[in-house]
Each structure stands twice: as C-alpha cells, then as structure tokens.
Amino acid sequence: MRKPTFLILAALAVALAAACEDGLQPVPFQGVSGAVTYISDPDPDSTDWVRLAVYRELPQTEVDLLGFVAFSDTLPAEGPANPYVIGLEPGTYEFLVVVWKERGNENLLTALRAAGWYTAGGGAFEPPVSYTVEPDSETVGINVIADFDNMLTIGEVLDSIQ
Amino acid sequence: MNRLPLALAIAIAIAIAVAIDPSSAAAQESGTVSGRVVGAATGAPVPAAAVRILGTVISTFTDDSGRFELRDVPAGRRRLAVERIGYGPRQLEVEVRAGAVAEVEVTLRPRAVALSGVVASVTKRELGLSNAPVSVSVMDVSEVMQRVPATAADAVAYAPSVQFVGEQVNIRGSSGYGRGTGSRVLLLVDGVPANAGDSGNLNWDVIPLTEVERVEVVKSASSALYGTSALGGVINVVTAKPPAEPITRVRLRGGFYDDPPHSEWIWSSQTLGYASAELSHGRQLGPLTLWLRGGRGIDDGYQQNGDLDRANVALRLGLSGAADDLVLFGSWAQEKHGESLLWCMRGQCPDPRRLEFQPLRVPVDAQDDRTRSDKARSYVTHQRRWSDRVSTFERLSLSWNDWETDFGDSLIGAETLVWGGELKFDWQAANWLLLTLGSEGAYTDVNADLFGQHDLTDLSLYGQGELGVTRWLTLTAGLRGDVRLIDGGSLSDPWSSELSPRAGLVLAPDARTRLRASLGKGFRAPSAAELFTATEVGGFLVIPNPDLEPERSLAGELGIQRLVTSWLAFDVAGFFYEFEDLIVADTVVSAEGIEIQFDNLPEARILGLEAIARFSFIRDRLQLQGSYTYLDTEDKATSEPLPYRPRHLLTAAGSLYLGGLEIGADYRIASAFERVQVFTDERTDPRVDMRVLDARLAYRIGRQTIRFTVDNAANYGYTTIERNLEPIRRYTVALELEF
C-alpha cells in the first residue's frame with residue numbers, strides 16, 4: 001500500500017498547489033474620468049442620447065469625426081453635473097467631446113452635435129487640449145462644460161478646432 | 001422504395017423467431033419470488049437494489065429493509081439478477097413453483113470498483129449500467145449527499161464531463177451558454193420531464209433532495225427516446241420508494257461565506273450566510289405509500305443582490321397492487337431572489353479603489369432588481385404488468401410556472417402551463433428481444449410580457465428494440481418521430497416534424513470488459529423564449545427571430561469499460577457531435593447596449609475524448625476517481641472554437657472511510673474558454689481556468705450524519721460567463737437525521 005498512498009499524497013499536493021494558484025485578480029482601471037457640467041440642459045423631446053467621444057488626434061474631416069476610439073455610456077439628460085468614466089488604451093488623446101444625438105434622425109452627419117469639449121480654460125468651446133493615459137492608471141479630473149443651448153454642427157466643430 | 005420490403009422482412013423474421021421461441025409460450029402457471037438483499041460483510045439490508053427476472057419484464061427494487069417481492073413469475077427455473085451501485089452484481093437460479101413463494105436471500109459483496117448498477121434513462125426502463133450502449137454517470141444517494149448540496153445541481157456538477165456554465169448544464173460541451181433560453185439537456189424527475197415550459201431551463205428547485213435515490217447523467221444525444229431538449233443528454237433524478245416502516249428525515253444545513261479572495265472586492269461588512277431545513281416523512285398505510293415533504297432555505301448570497309429565499313412542499317402517494325403501480329405526485333415551489341445579471345464595471349457603482357470591475361457588486365441602477373417564481377408540478381403515473389412479458393405505462397402531467405422580474409424601470413414575466421402525457425408499451429417478445437413502443441404529447445401555453453401569448457403542441461411516436469443476439473452481444477435500435485405545431489401551425493411547415501433514429505451495441509467479450517458503440521440523431525426545437533422574445537432589460541436588447549430553425553445533431557461514441565483488477569476500473573470513450581443549425585445567441589455590443597438575437601449556426605462540430613478511472617484501496621476504505629475530458633470544438637463557418645466550451649475538463653475525487661468517519665476532497669479543473677460572445681476584451685474581462693478544490697468531512701452514528709464541507713477551499717476567483725463571479729469559499733455544516 002505504500003506506493004498508492006505515496007501517489008495519492010503526491011496527487012493531492014499537486015492539486016492543492018494548482019488550486020492555490022491565483023485566479024481572477026483585481027484589475028486597475030485604465031482610462032479617463034471626470035464630470036460633465038451642464039450649463040444648459042438638453043431638450044428632452046428631441047434628445048436621443050448624450051455621450052462623450054474620445055479621439056486620438058484632432059479630427060480634420062467629417063470622416064475623422066466618425067472615427068472616435070471610445071464612447072462613454074449614455075449620460076443623463078439632466079445636469080447640473082454628471083460623472084463619467086471611459087476605458088482607454090495608454091497614450092495621448094487630443095480631443096474629448098460631448099456628443100448629442102437628435103431623436104429620430106439616423107443620418108449621423110446631421111443628427112450629431114457637439115455640446116462642448118475638454119479645454120484648458122474650462123469653457124465649452126475653447127481650444128481643445130490633450131491628456132495622457134498611463135498604463136494601469138486612471139487619468140482623473142478631465143472635466144468638461146456642456147452647453148446644449150449653443151451646440152455646434154459637425155462643420156462648425158471642424159471650423160472651431162482647426 | 002426498398003425500405004418497405006426490408007421492414008416487412010424484418011417484421012416477419014421477428015414474428016417467426018418469437019413464435020418458435022419456447023420461452024414465449026403463453027398462459028404459464030406462476031409463483032412468487034420474495035426475499036432480502038444484504039451486504040456480505042455486515043449482513044445489513046441493501047436498499048434500492050434492482051432485482052429482475054431475466055428474460056421477462058418483471059423487476060422491482062428493494063425497500064429500506066432490503067426486502068423485495070416479485071409476483072406472477074412463470075413457474076420453472078428462473079434466473080434472478082440483482083444489481084446495485086457500490087456492490088458487485090449477482091445472478092442466481094431460482095426454482096419457482098406454481099402458486100408457491102420462493103424465498104431467497106441474496107448477498108451482495110461491496111465493491112467500490114465494479115461493473116454494476118442500474119440506469120433507467122437510457123432505454124426508458126431499468127437497465128444494467130454495464131449494458132448501456134452510451135456513457136452514463138450514476139451518482140447514488142451517498143455520493144449526492146456527501147457534497148451537502150443546496151440543490152441537485154450542486155451534485156451533478158461533479159459528474160465527469162459535466163460543467164455548469166452560469167446556470168446552464170453542459171454535458172461534453174454540448175450546450176455552451178444560451179442566456180437562460182433553451183436547454184440542450186433534458187431534466188427528468190422519476191422519468192417525468194421537468195424543464196421549464198417557456199425557456200426550457202432546468203428547474204432544480206423542484207427536486208426533493210431528501211428522497212433522492214440516484215442521479216443519472218446520460219452523456220449522449222437521446223432524442224430517439226426523449227425528443228427535443230435531449231440533444232446534449234439527459235439528467236434523470238430517481239427518488240426512493242417510500243419505505244415499509246414509517247420514516248422521518250430531517251436535513252438541516254447552514255453556513256457562511258468567507259471574505260472574497262482579494263480585500264479590494266469586499267462589499268459588505270457583515271458575515272453572509274445561508275440556512276435551510278427540509279423535513280420529509282414516508283410511510284405505508286395498507287396498500288398506500290406516501291412521502292410528504294417540505295423545505296425552506298434562505299441565503300444572503302456572496303455577492304450584492306445574491307440573496308435568495310426558497311420554499312417547497314410536495315406529496316407523493318403510491319398505490320401498489322398485484323400487477324399495478326399507481327403514483328400521484330404534486331408539488332409547489334417558490335423562489336425569490338435578487339438579480340445580478342452583470343457585475344459592476346468602473347463608473348457603474350462607487351469604487352474608491354478605481355478597479356476595472358468590482359465582481360461582487362452590481363451597478364447602482366440594478367441594486368433593486370428582483371425575481372419571484374412559483375412552480376407547481378403534478379403527475380399521475382400508472383404501470384401495469386399484464387404478464388411476465390408485457391407491461392404498460394401511462395403518464396399524465398401538468399406543470400405551471402409563473403415568474404416575474406422587476407428591473408426597476410420595467411417589469412417582465414411569464415406564465416406557462418404545460419400538459420403532458422405518455423403511453424408506453426414494453427413487450428419481452430422473446431428472451432433475446434425486448435420491444436418498447438410509446439407515444440408522448442405535450443401542450444404548452446405561454447403568456448409572457450416578453451413575447452405575448454403562444455402555444456406549442458408536441459406529439460411523438462417512438463419505438464425501440466433491444467436484441468440480445470448472443471450472451472456477448474446486445475444490439476439496440478430505436479426511432480422517434482416528433483411533430484411540433486406553433487400557435488396551431490400546420491404540418492406543412494418545413495421544420496415541424498423530425499425523425500430521430502439511434503442504434504447502439506454492447507459487446508461483452510468477458511465478464512470484466514464491455515465495448516460499446518452508438519450512433520444517433522438528436523434535435524431541439526427552439527424554445528418560445530428563443531423564437532419570440534423582444535425586450536430591452538438590464539442593458540440587453542433581445543430581438544425576436546420567429547424564423548429560427550430547430551437544431552439537429554448526429555452524435556456517436558465508441559467506448560470501452562474494463563474492470564482491470566478488484567481495485568481498478570477504467571472507462572474510455574471517444575465521441576463526436578456534428579451540429580446543423582445550432583441555435584446561438586448572436587451578440588453585438590454597440591453604443592446602444594448589448595443586442596442579442598438567436599440565430600442558426602450552419603455547421604459546427606465537437607470531437608472529444610473522455611477517460612475515467614476508479615480506484616479502491618485498503619478494502620474499499622480509500623476510494624479515488626479521476627476523469628479527463630478533451631473537447632475540440634469548431635464553428636465550421638469561421639473555424640473558430642465554439643463559445644463557452646473548455647478544451648480540457650478534469651475531475652478528481654477521493655474519499656477515506658474510517659469507521660463512521662468519512663474524509664474526502666474533490667478537485668475540478670476546466671480550462672478557460674477560448675471564446676466567449678459578449679465581452680471579449682481580455683483586459684477588462686479576463687478569462688481564467690476554473691480550479692475548484694472542495695473538502696468534506698462526515699461522521700455517522702447509526703442513521704444520523706453530521707457533515708462539514710469547505711467549498712472552493714482555495715478561494716479561487718473565476719467566471720464561467722462574463723461578469724459573473726462563481727461562488728467564493730464557504731463553510732457548511734449539515735445534519736441529516738432519520739427517525
């Protein structure tokens with residue numbers, strides 16, 4: 001019986017060692033967070049949704065504007081301020097914009113408006129500034145002002161950020 | 001065009017063979033065989049042993065005192081076969097005299113490793129386990145109870161080649177994960193279907209644990225006997241016969257969850273626990289037998305919104321005559337629980353630690369989500385033995401299921417009524433030929449917020465023959481035809497009918513070896529939930545697909561079972577599934593949410609290998625079992641693996657018996673899924689292996705048992721479906737009392 005007993009003990013030891021290997025681990029959030037402050041609320045009847053869109057580089061064309069790298073969850077349609085988080089790959093991002101979509105209009109080139117973007121001065125439509133996401137870390141305090149009474153069309157956005 | 005003459009030729013050949021078989025002579029005089037089955041070492045009665053007169057349909061099970069009685073046995077020398085899992089099989093000659101009682105005492109030798117046991121779900125009648133042409137795992141009551149399960153699902157999870165993915169059971173990777181809509185495994189309780197009528201899901205909370213005698217897991221497409229839902233296999237829970245002497249069983253179970261594996265995941269400062277109590281009473285009142293049962297269980301849950309409150313009552317009445325067995329059963333079960341569809345991602349709940357996910361919390365907007373369900377089941381079954389060669393079985397069943405989930409901003413639910421019926425005819429046409437013919441029907445009426453009111457009508461005819469060609473070769477062949485009508489639809493619908501053939505053989509070159517082979521077709525008609533669900537809840541947008549086709553499979557296996565020595569037995573099987581129109585949840589994660597539509601995958605396959613070894617040392621005091629399953633799956637359109645299937649599954653279990661003391665451990669490994677469908681980013685939704693080590697200790701004093709278990713002893717964190725952490729370490733104490 002010595003041989004089987006030894007084998008059993010060895011098998012149990014292997015099983016215990018394997019079972020004690022770490023499984024799922026806490027994963028630090030990697031991305032950007034902040035708050036969107038509404039200086040005017042969107043019109044509830046015509047609003048389909050409000051989200052934040054993230055771009056690596058400043059968009060140059062209408063096609064670039066549809067090439068965002070990440071979208072936030074839908075933000076509430078009422079202010080005064082709503083927190084947000086967006087998971088992102090490490091790197092520098094040049095443009096973070098509050099996007100409003102018109103209800104019932106599925107032509108994205110005409111349905112989308114910009115209600116504000118991340119700026120150095122804190123205004124809704126001042127020149128955009130970039131921010132950096134480090135590996136395994138959250139870039140906090142990227143706060144944005146949104147002005148839904150004075151939203152810009154895609155063409156106006158391109159003119160404003162050039 | 002050639003099939004009809006061939007069928008006629010076979011029928012004529014069988015008729016001639018039956019006619020010239022001397023054992024089929026009718027109107028013989030008969031006697032009774034009664035007796036007792038006891039264990040060899042202790043002389044203690046062996047309950048639940050299958051006792052059969054070979055070459056007839058006459059069979060029974062021993063009661064709690066090991067006694068049995070077989071009436072109307074034809075006079076003459078008869079061969080009596082006795083089998084029970086955990087004991088070596090036994091056959092003996094009995095001289096039956098007309099009008100007399102032949103009293104026998106059968107001694108069974110305990111054998112942890114033996115080719116024995118019976119199974120009811122392979123052929124719809126009691127069959128020696130070693131004569132099954134497909135792989136079957138059977139867990140007897142001691143194996144079920146030693147894991148201190150909350151439901152029978154907790155015991156089934158330890159069977160070789162079985163893995164639970166979320167709440168859905170996978171046998172050899174056949175099921176994957178269907179988001180709670182449609183099961184490829186059929187659940188039977190005493191042979192009566194128990195899948196939910198609307199979704200096809202398995203209702204584990206309707207199963208009485210205190211009365212379980214054994215659990216059978218058939219690991220093969222079984223549509224040739226059971227029709228839809230048996231595409232991936234069958235789980236049959238067999239309950240015990242009420243004993244001759246009054247018996248009361250009490251089962252008390254309680255425990256608590258440990259802290260999560262990482263302090264960053266702690267979400268509650270309180271100790272989270274669970275408790276349950278079950279009481280059952282069985283007795284005989286003249287010809288009447290009864291089981292009365294009630295139970296209640298509460299659970300705080302290890303995760304936010306994981307709380308549960310469960311209650312059930314059941315009554316089973318039996319009436320046995322000389323040749324008749326009548327069973328009436330009725331039960332009601334209620335469950336109320338919090339809903340935690342997905343764990344909390346960063347931004348969805350307060351998290352000062354800034355983690356990608358908090359696996360034990362749910363998003364703030366889901367914290368009040370709750371579900372309530374009520375389930376009632378009733379059935380009447382009647383079995384009559386018309387002679388030593390002919391028996392019939394009839395069943396009428398009715399089940400009702402009503403559930404409601406409150407998602408805060410929306411309330412959804414469904415009420416389902418299922419009428420079912422079955423007629424079965426067993427004819428031992430000759431010593432070497434048993435024919436089974438039957439018909440099954442079900443009418444399902446579903447009324448759901450998610451998809452309105454629909455009705456499904458299922459009708460079927462089936463037939464099966466078991467041919468004992470020689471002492472060393474048994475052939476089985478069967479065919480079932482199914483028809484499903486949706487909302488009174490017409491038979492001309494292209495997919496309303498299905499034919500499912502199956503053939504199998506068992507070769508017994510010697511007493512220690514069994515070779516088996518089987519090939520059969522399986523199918524599953526889409527559930528009402530898969531066809532018609534249209535909803536947007538909890539971030540999921542489900543789009544209906546009324547054009548969904550049923551899924552079909554061709555499944556085969558080749559296996560060998562061998563008792564190598566008195567302390568080692570192994571079972572090795574190679575198997576395959578070729579799927580056509582497999583129903584999968586097409587999932588698109590978009591800015592709008594998670595869109596799901598059920599669709600047919602043109603072709604897919606699973607190739608696999610299963611190896612099981614059982615060891616017994618120190619005169620059965622130390623028992624070990626190990627199993628390994630390899631799965632190679634492919635979606636043929638993309639050449640990708642099928643989602644929610646592990647490539648490797650491994651189980652190891654050991655028990656040491658020292659007098660009344662039992663010490664044991666179970667270890668289960670499943671490799672991480674190579675493919676999932678919804679959240680595929682490995683950074684935010686990492687996939688890890690399943691590695692679960694459970695430890696157990698039990699002590700028996702007479703008929704009373706106290707148990708202590710530590711489940712997930714290594715406190716290993718893992719998921720089977722995305723964003724749902726499986727249970728963390730927990731400590732349980734249970735008392736099983738019998739008076």
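**A mixed sheet within chain B**

In chain B, an open sheet is built from 5 strands, which run in the order β10-β15-β16-β13-β14 with mixed pairing. Its edges are formed by β10 (136-140) and β14 (192-193) of chain B, each of which pairs on one side only. At the β14 edge, the partner in chain B is strand β13 (residues 186-189), and the two pair in the antiparallel sense over 2 bridges. Within this pairing, L188(B) sits opposite P193(B) of β14(B). These details come from a predicted model.

Stepping back to the chain as a whole, the secondary structure of chain B comprises 5 helices and 42 strands. Its C-alpha atoms occupy a box of roughly 85 × 65 × 45 Å along the principal axes. The radius of gyration of chain B is 26 Å, in agreement with a compact globule, because a globule of 739 residues would be expected near 27 Å. Buried residues account for 47% of the 739 residues in chain B. Of the contacts in chain B between residues at least 6 apart in sequence, 62% link residues at least 24 apart.

As for confidence, the model has an ipTM of 0.84 and a pTM of 0.88. The average pLDDT of chain B is 88, and 94% of the residues reach at least 70. Residues 1-7 of chain B have a pLDDT below 50, and this stretch makes 0 contacts in the model beyond near neighbours in sequence. Residues 14-27 of chain B also fall below 50, yet this stretch has 13 contacts beyond near neighbours in sequence. Where pLDDT is low, predicted coordinates should not be read in detail.

How values were computed:
Residues numbered from 1 in each chain as written. Chains lettered and ligands numbered in written order. Predicted model: local features only at pLDDT ≥ 70, side-chain atom pairs only at ≥ 80, totals over all residues. Helix = DSSP H or I, 4+ residues; strand = E, 2+ residues; numbered from the N terminus. Rg over C-alpha atoms; globule rule 2.2 N^0.38 Å. Buried ≥ 20, exposed ≤ 12 C-beta atoms within 10 Å, placed from the backbone. Contact = placed C-beta atoms within 7 Å. Pairing = 2+ DSSP bridges. pLDDT = per-residue confidence, 0-100.
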